[in-house]
Amino acid sequence: MKRLSDLPADDRLSSRAQAMIRAMGPTVESEERMRRVRRSLDAPAPVAAPRRGWRVGLALGLLGVSAAAAAGSSAVSRALGFEPPAPDRAAEGTFPSEGKLSAPFVPPVPVPAERVVEAVPSPLSTPPTTPTPGSASMPAGAPTLRAAAPPLSDVARVHEAAKALRHDGDAERALQLLERGAPVTGPLAEEALALRIEASVTRGNGRQAKLATDYLARYPHGRYRELAKKALSESKQ
Amino acid sequence: MRSVPPSTAALEEPPVQGPIAGGTSFVSPQEFEALYSAYFHHVTRWARAFGCPPADIDDVAQETFLVARRRLDQFRGGYVAGWIYRITQHVTRGHRRRAWLRRVLHRAPGLGVSQARQATPVEALEQREARRQMHDLLSQMTERRRTAFFLFEIEGYTGEEIAQLEGVALNTVYTRLHHARRDFMALLARAESEEQGT
């Protein structure tokens, strides 16, 4: 079988295809690259956060979302009259106090349709402290489903922050997501720091120089060093 | 730096004999060095054929050999090139997923675009545009066809070598190449008609 580039170019399309194949060209063999990669094989590997963490976070997130969905569907079915409405104990102020629960399972409080949205874990909500019903940390009127919201994993935080910054243009929220709680670690730590630099530049809070210096110190050959250098030079001007 | 057709010697005969072929759990540093020097350039070609961005090829090659070194003692003989080829495929897939996320995260508007400010000769620009179009077209093909097309048409592997690496019959490779070419030309024609339409 002959290669396309060896066949006669009868028409314009064939000659364009050949030109594109030539433009791609075979991979350039580089001895320098070979030595560089060989050296890096023996270098100590960077300490990465255990991957189990984000999986657990994801599982908790799915649990939270499914709980919210179940409560939502229950509320909708009640609203549609598929089952008799339960008394709104929270509204009546009859939330069972701690220690007086007769059963270990607390049925979800009927949530109006517009409040179901609130029940879905929000990236901006503070990390939940899993308050018990009737305890001091949970007001009687608060939707109980909020307690099921798990803390966002590092991956989810970076993802949400990127969406906030790029899609919504909300640098403030991106910074909140990235800086609230423990710093992002693991494979996306570099991305998180670069995002913080970008958000700081967008917001103009004057912190980009410190962050950029930090980035360049931690990742001298990092993927976003150009971004850091640019942020640093702009802050000096 | 040089650009030459791939040396196929390493594909024909595994460079590492003895412990690997025999399934012994000990692999000496010399054996790993032989493996590395015999397959490094192939790994970079395969990574590119699997769709690894040029800037990330070093990372993929490094990760591939890290995995290979870690698992050498589990290799129970057979075709070494095919074994490393599979590792490269898995590593590149994982890398592409991460790279996708990074691309989404760092499509920085107005930041880190120093390349755009550099003066570029017209020829280089045209070549870059051709490469970009090529990537666009290849990304619309199925992975099997794209890999066969890339290895055969661009990297210069023979049909027999691709069949060995993929662990499939030669006719299967030719069928994939046939379909890949047809897809490629159809996609190119469509791209041309769209260009003319705009």
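Visitor: In this predicted model, which residue of chain B forms a salt bridge with A:Arg36?

Guide: A salt bridge here needs a side-chain nitrogen of Lys or Arg within 4 Å of a carboxyl oxygen of Asp or Glu. For A:Arg36 the closest N and O atoms of the pair are 2.4 Å apart, and the partner that supplies the other half of this salt bridge is B:Asp58.

Visitor: How many salt bridges does the rule find across the interface of chain B and chain A?

Guide: The pair of A:Arg36 and B:Asp58 forms a salt bridge, and polar contacts can be counted across the interface as well, where the rule finds 23 residue pairs, both residues of each pair being at pLDDT 80 or more. For salt bridges across the interface of chain B and chain A, the number that the rule finds is eight.

Visitor: Which element gives the most to the side of chain B that touches chain A?

Guide: The elements of chain B that give two or more residues to this side are α3, α4 (57–71), α5 (80–105), α6 (114–117), α7 (122–139), α8 (143–154) and α10 (170–197). The element that gives the most, with eleven residues, is α10(B).

Visitor: How much area do chain B and chain A bury between them?

Guide: The contact takes 63 residues from chain B and 46 residues from chain A. Of the area that the two chains bury between them, 59% is on carbon and sulfur atoms, and the area itself comes to about 5200 Å².

Visitor: Is A:Arg16 buried or exposed?

Guide: A:Arg16 lies in helix α1 (residues 12–24) of chain A, and, leaving aside residues up to four places away in sequence, A:Arg16 touches B:Gln133, B:Leu188, B:Glu192 and B:Glu195. Residues count as buried when their relative accessible area is under 20%. Because the relative accessibility of A:Arg16 is 18%, this residue counts as buried.

Visitor: With which side chain does the side chain of A:Arg16 make a polar contact?

Guide: The residues that A:Arg16 touches include B:Leu188 and B:Glu192, but the polar contact asked about has a distance of 2.9 Å. The side chain on the other end of this polar contact is that of B:Gln133.

Visitor: Which helix gives the most to the largest nonpolar core?

Guide: The largest nonpolar core has 58 residues, and the members that touch the most other members are B:Trp46, B:Met134, B:Phe149 and B:Phe184. The helix that gives the most to this core, with nine residues, spans residues 29–49 of chain B and is helix α3.

Visitor: How many residues are in the other core that lies apart from it?

Guide: This other core lies apart from the largest one, and among its residues are A:Leu165, A:Ala171, A:Leu177 and A:Val184. The number of residues in this other core is 15.

Visitor: What share of the residues in chain B is buried?

Guide: Chain B has ten helices and zero strands, and among its contacts with a separation of 6 or more, residues 24 or more positions apart account for 71%. Of the 198 residues in chain B, the buried share is 46%.

Visitor: What share of the residues in chain A is buried?

Guide: Chain A comes to ten helices and zero strands, and it exposes about 14000 Å², of which carbon and sulfur atoms supply 60%. Of the 237 residues in chain A, the buried share is 35%.

Note on methods: Residues are numbered from 1 along each chain as its sequence is written. Chains are lettered from A and ligands numbered from 1 in the order in which they are written. This is a predicted model: local features need pLDDT of at least 70, side-chain atom pairs count only at pLDDT 80 or more; totals for chains, interfaces and linings use all residues. Side-chain values use heavy atoms; hydrogens and water are left out. A nonpolar core is a set of buried Ala, Val, Leu, Ile, Met, Phe, Trp, Tyr and Cys residues joined through side-chain atoms within 4.5 Å. Buried means under 20% relative accessible area, exposed over 50%, partly exposed in between (1.4 Å probe, protein chains only). Helices (H or I, at least four residues) and strands (E, at least two) are DSSP runs, numbered from the N terminus. Contact means heavy atoms within 4.5 Å. Buried area is the accessible area (1.4 Å probe) that two parts lose on being put together, summed over both. A polar contact is a pair of N or O atoms within 3.5 Å; within protein, one must be able to donate a hydrogen and the other to accept it, and residues adjacent in sequence count only if both atoms are side-chain atoms. Accessible areas come from the Shrake-Rupley method with a 1.4 Å probe; for residues, only the protein chains shown count as cover.
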